[in-house]
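Grab a pencil and work through these short exercises. Try each one on your own before you read its solution.

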Amino acid sequence: MTLSAKDVADIMRLLEQSSFDNLSLEMNGVKLNLQRGSAVPVQQPTVPSAAAEPQAQPAHPVQRKVKSPTEPGLAEVASPLLGIFYRAPKPGEPPFVEVGSKVTEDTVVGIIEVMKLMNSVCAGVKGEVVEILAENEALVEFDEILLRVRPEA
Amino acid sequence: MAIRRILIANRGEIAIRVIRTCKALGIETVLAASAADLESLPARLADRTVCIGPPRPADSYLKVDAIVQAALGVKADAIHPGYGFLSERTALARLCEEVGVIFIGPSSVQIEAVGDKLRARAEAELAGVPTAPGGAVDTVSEALAVGRKIGPPLLVKAVGGGGGRGMKRVDRLEDLPAAMDMAAAEAGAAFGDARVYLERFVTHGRHVEVQILGDGEGRVVHLGERDCSVQRRYQKLIEETPAPGLSVDFRARIHNAAVQFTERLSYRSAGTVEFLVDLERGVFYFLEMNARIQVEHPISEAVTGVDVVSEQIAIADGSGLRLRQEDVRARGCAVECRINAEDPARDFHPSPGTVRTAEWPSGDGVRVDTHIFSGARIPPFYDSLMAKIIVHAADRPAALKRMRHALAATRIEGVATNLAFHLDVMADPEFQAGGVDTSYLPRFLESRRLMQEARAHG
């Protein structure tokens with residue numbers, strides 16, 4: 001079952017009449033985020049496993065020493081899983097990105113290997129790479145910051 | 001010693017239990033933790049913590065690839081799986097064997113042999129260990145034939161089940177076909193294996209298990225038995241050793257059966273062979289084997305003085321069995337109460353949240369295995385075990401008295417717990433008399449409920 005346009009309209013009406021400013025609803029892999037005053041609601045497919053995490057209280061990894069950002073307002077590209085980080089498609093080839101590279105949401109910025117399985121990591125944001133934190137061929141943890149991007153307005 | 005660094009693929013009190021022994025042995029520990037556990041006590045105690053994935057177990061603690069990749073990435077020599085999660089998954093043990101990381105536990109072949117309940121039953125028969133009357137049934141007509149031979153009540157069990165999961169009780173033979181269909185369908189959905197088998201249901205049974213250690217070369221020693229009959233829906237709540245009221249001869253026979261069973265498998269590492277003691281018939285039957293360290297191992301440690309985790313590590317490291325059977329002597333009586341974040345008033349519903357206050361007992365003969373401190377968070381993703389309170393004394397009455405004092409000295413605020421329930425059981429004359437069977441706890445809870453209702457109305 002998925003949400004029909006009428007369902008969304010009904011939910012919007014309910015939000016309008018309520019005392020809340022935003023509503024986020026997740027069902028059967030569909031994520032609906034509504035905000036009072038915003039234009040059109042977006043229905044975006046989500047990965048049913050990892051993305052559907054109830055993260056009411058985000059963990060603060062006390063032990064991770066993370067280099068603080070060189071400037072404010074930078075977007076972080078975090079590792080989606082634990083594995084070995086590779087900056088280039090193959091040894092000896094130029095890295096996917098360098099500091100100064102322009103990226104879009106879909107730009108591959110690295111590969112994470114988990115037991116011989118290669119997973120490419122996308123920037124997820126449009127802008128310019130400002131810092132690269134993860135080292136080539138090093139173990140990166142889940143949610144570890146790989147690089148920082150100055151988002152383009 | 002070749003093992004210098006161990007990756008702990010678990011959380012909670014058992015992660016701390018493993019860290020404690022590693023520290024004593026001078027072995028470095030790396031905790032593989034989910035994002036929900038990065039500030040947990042084991043994460044603070046381990047030499048290093050790596051985040052393996054999001055909170056949900058399927059995305060972190062159950063990911064074989066992530067665990068083994070983490071072990072390789074931090075250059076750990078070995079993985080300790082604890083209990084639950086991946087501890088009895090053939091896939092983890094096998095991948096470790098393939099990439100050359102030591103799995104602190106049995107071989108993948110041994111896990112497979114005892115994980116399939118029907119195969120374990122066959123292994124028991126081959127080892128000359130008694131099994132409950134019953135057997136494999138593929139069709140309803142076969143089931144009816146076997147059922148008629150044994151006579152009701154019967155248990156329909158899932159081959160892929162275990163620990164009480166995938167079982168159906170049948171009191172009348174005419175209900176057997178429907179129960180079998182349902183059990184097969186449920187087992188197929190839950191365990192990916194629709195095979196079922198039949199066994200006699202023992203009305204007055206006690207759950208008695210034997211702790212063993214095997215060197216993997218055919219030599220096995222046992223650390224005595226544990227009585228875990230105080231269960232609710234097959235979940236153990238109180239365990240004790242020795243099992244009350246069993247004759248010296250009966251105990252020796254049950255110990256030998258466990259040793260025979262595991263010797264035949266050339267079992268490696270720590271394991272537990274579970275038996276059902278049929279009080280009416282004065283016999284015992286093989287139930288299943290748990291190929292891992294168990295929650296209740298500390299009571300065996302208390303009476304024997306053997307550090308089970310230390311022996312696991314030594315065996316995994318190739319040092320073999322450092323104990324001979326004659327070196328193992330059980331002294332006195334030990335009892336364990338599992339303190340869970342669950343509310344007995346609401347049918348033992350889990351009660352996660354933030355623990356405002358946690359004060360644990362201490363003193364002679366008192367041991368507390370816990371990861372809970374004042375301010376600790378109990379995430380909703382995992383089981384509700386908060387602590388194990390273990391007492392040891394010269395005899396059972398002294399141990400129960402010590403347990404009452406220990407429970408009374410425990411203070412937990414912020415989440416609902418079963419602490420008061422444990423105090424009530426300790427004060428119950430039937431439990432104090434010793435030797436209760438598995439039907440005891442449901443009866444006790446029902447009478448406790450009626451009493452509380454009467455009090456509320458009175």
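**Exercise 1.** Why does the radius of gyration of chain B agree with that of a compact globule?

*Solution.* Start with the rule: the radius of gyration is taken over C-alpha atoms, and a globule is expected to have 2.2 Å times the number of residues to the power 0.38. For 458 residues that gives a value near 23 Å, and chain B has 22 Å, so the two agree. Next, look at the spans: the C-alpha trace of chain B covers about 60 × 60 × 45 Å along its principal axes. Finally, 52% of the 458 residues of chain B are buried, where buried takes 20 or more other C-beta atoms, placed from the backbone, within 10 Å of a residue's own.

Before moving on, keep in mind that this is a predicted model, in which local features need pLDDT of at least 70, side-chain atom pairs count only at pLDDT 80 or more, and totals for chains, interfaces and linings use all residues. Residues are numbered from 1 along each chain as its sequence is written, while chains are lettered from A and ligands numbered from 1 in the order in which they are written.

**Exercise 2.** Find the mean pLDDT of chain B.

*Solution.* pLDDT is the predictor's confidence in each residue, from 0 to 100. Its mean over chain B is 95, and 99% of the residues there reach 70 or more. For the model, the scores are ipTM 0.86 and pTM 0.87.

**Exercise 3.** Trace how β1(B) is joined to β2(B) and to β4(B).

*Solution.* Helices (H or I, at least four residues) and strands (E, at least two) are DSSP runs numbered from the N terminus, and two strands pair if DSSP finds at least two bridges between them. First, β1 (residues 5–8) and β2 (residues 28–34) of chain B run parallel, with four bridges; B:L7 has B:V30 as its bridge partner. Then β1(B) runs parallel to β4 (residues 78–80) of chain B, with three bridges, and here B:I6 partners B:A78.

**Exercise 4.** Which element gives the most to the side of chain B that touches chain A?

*Solution.* Residues are in contact if their C-beta atoms, placed from the backbone, lie within 7 Å. Chain B brings 22 residues to the contact and chain A brings 19 residues. On the chain B side, β3 (48–53) and α3 (64–73) each supply at least two residues. The top giver is α3(B), with six residues.

Methods: Two residues are in contact if their C-beta atoms, placed from the backbone, lie within 7 Å. A residue is buried if 20 or more other C-beta atoms lie within 10 Å of its own, exposed if 12 or fewer, and partly exposed in between; C-beta atoms are placed from the backbone.
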